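User: I'm new to this one and would like a tour. Could you take my questions one at a time?

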Amino acid sequence: MLIGEVARRSGVSARMLRHYESLGLVRPSGRTGSGYREYSGEDIQRIFHIESLRSLGLSLREIGRALDDPSFTPAALVDDLIRQTRERIAAETELLTRLRRIDAADPAGWEDVLQVVALLQALESKSADMRQRAALSAVDEVPVPVEALVEAALSETEPNVAGALRWALARSGEGGPALLAEGLGSPVAAVRERAVRSLAEMPGGEATAQLRDALANPDVGVRGYAALALGTRGVTDAVPMLIDMIVEGRNDTDAADALSALASDTTTADQIATRLVDRLSHDTTNAPARGRLTQALAGIPGTRASSALVELSDDVDRAVALTAAYLLQLRGAR
């Protein structure tokens with residue numbers, strides 16, 4: 001079969017067939033009387049093999065080795081192709097993410113593009129100082145996409161840099177709470193903590209709604225941070241969790257302060273006091289917890305809390321009774 005017919009049937013151009021021949025990949029088995037290349041059935045089969053391997057991403061040099069080296073194993077070839085493809089996909093994905101973030105910054109000109117690129121690179125720097133400066137400049141100097149700030153905040157281990165990133169996120173506008181909420185489902189506990197702490201510092205109803213949802217998170221640490229943040233926002237849904245924290249001795253002082261802040265009106269104050277008294281009556285054998293619950297009543301105004309302290313001043317647990325009596329004296333002095 002002459003080269004023109006081979007090209008027509010195989011879909012490989014005559015020019016490419018000559019290139020294959022120059023590289024030694026395919027050598028026509030014969031020549032016609034006029035000196036034209038003549039391909040045998042085996043030659044054509046080899047061409048199809050070459051094209052099949054090219055479709056897998058192999059270079060022509062790798063194809064030649066695969067076809068001619070008896071020791072060349074297909075398994076090793078496929079494994080290497082998988083590795084190369086994964087690396088290429090990762091690189092392309094990283095580039096796509098960077099381009100999307102630049103586009104989200106809505107640059108007005110090339111100077112803006114270069115500033116955003118520099119800031120994104122600084123957020124990924126190995127230097128904590130550079131990352132912190134980038135976070136602090138992300139609000140006023142260059143509008144960094146919130147997605148980049150969230151990614152940086154969820155991965156940051158340096159406390160000062162993490163604080164700067166939370167500050168920047170709190171001023172970043174819309175979109176942050178939803179992205180941070182995704183971090184609450186991370187399999188890594190540290191990432192979940194960074195997500196809820198960042199949410200706690202974000203203003204607005206969207207962040208509050210995400211914090212409410214976080215009260216049901218399987219991670220007790222996430223629930224605790226969410227409850228403390230909601231307490232400062234006046235959300236009474238946090239009360240049960242705050243009382244649990246007092247009983248368990250986890251950030252119990254902060255939890256008591258949050259309950260005190262929530263008790264801003266008579267009705268709410270009495271409801272909180274009632275819940276505290278209920279836990280005191282149920283946790284009769286947990287002396288440390290009963291002591292913390294009694295101390296928490298000190299920050300709750302109103303007659304219900306005062307009545308509870310009067311009753312507790314005669315408690316069988318002497319430590320609880322003395323604490324209650326002392327707190328009553330303080331309330332009387334005020």
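Analyst: Sure, what follows is a set of short questions and answers about this predicted model.

User: Which residues touch the most other members of the largest nonpolar core?

Analyst: The largest nonpolar core holds 73 residues. Within that core, the ones touching the most other members are L242, L259, L276, L297 and I300.

User: Which residues does I300 contact, leaving aside its neighbours within four places in sequence?

Analyst: With those neighbours set aside, I300 still touches L259 and L276, and both of these are also among the core residues that touch the most other members. The full list of contacts for I300 is L259, S260, A263, A269, I272, A273, L276, A305 and R331.

User: How many residues are in the other core?

Analyst: Another core lies apart from the one with I300. L25, L53, L58 and L81 are among its members. Its count is 17 residues.

User: Which elements do the buried residues of helix 2 pack against?

Analyst: Helix 2 covers residues 14–23, and its buried residues are L17, Y20 and E21. These cover an arc of only 100 degrees around the axis, so they sit on the same side of helix 2. On the other side, R15 and S22 are exposed. The buried residues pack against helix 1 (3–10), strand 1 (30–31), strand 2 (37–38), helix 3 (41–55) and helix 4 (60–68).

User: What phi does G24 take?

Analyst: G24 comes just after helix 2. Its phi is positive, at about 85 degrees.

User: Are helix 8 and helix 9 roughly parallel or roughly antiparallel?

Analyst: The axes of helix 8 (residues 146–155) and helix 9 (residues 159–170) come within 9 Å and cross at roughly 150 degrees. The contact is made by V146, L149, V150, A152 and A153 of helix 8 together with L165, A168 and L169 of helix 9. Angles over 145 degrees count as roughly antiparallel. Helix 8 and helix 9 are therefore roughly antiparallel.

User: Is the crossing of helix 14 and helix 16 left-handed or right-handed?

Analyst: The axes of helix 14 (residues 239–248) and helix 16 (residues 266–282) come within 11 Å and cross at roughly 40 degrees, which makes helix 14 oblique to helix 16. V239, P240, I243, D244 and V247 of helix 14 make the contact with I272, R275, L276 and R279 of helix 16. As for the hand, the crossing is right-handed.

User: Why does N251 count as partly exposed?

Analyst: N251 sits in the loop between helix 14 and helix 15 (252–262). Its phi is positive, about 50 degrees, although N251 is not a glycine. Partly exposed lies between the 20% and 50% cut-offs, and N251 counts as such because its relative accessibility is 41%.

User: What separates the C-alpha atoms of Q121 and G64?

Analyst: Q121 lies in helix 6 (residues 110–123) and is partly exposed, with a relative accessible area of 48%. Along the chain, Q121 and G64 are 57 residues apart. Their C-alpha atoms are separated by 41 Å.

User: Which residues are exposed on the other side of helix 18, away from the buried ones?

Analyst: In helix 18 (residues 303–312), the buried residues are A305, A308, L309 and L312. Their arc around the axis is only 100 degrees, which puts them on the same side of helix 18. One of them, A305, is also a contact of I300. On the other side, the exposed residues are T303 and E311.

Notes
Residues numbered from 1 in each chain as written. Predicted model: local features only at pLDDT ≥ 70, side-chain atom pairs only at ≥ 80, totals over all residues. Heavy atoms only, no water. Core = buried A, V, L, I, M, F, W, Y, C linked by side-chain atoms within 4.5 Å. Buried < 20%, exposed > 50% of the residue type's maximum accessible area, 1.4 Å probe, protein only. Contact = heavy atoms within 4.5 Å. Helix = DSSP H or I, 4+ residues; strand = E, 2+ residues; numbered from the N terminus. Arc of directions from axis to C-beta. Axes fitted to C-alpha atoms, helices over the stretch in contact; angles between N-to-C directions. Parallel < 35°, antiparallel > 145°, perpendicular 65-115°, else oblique. Left-handed = near helix turned anticlockwise from the far one by under 90°.
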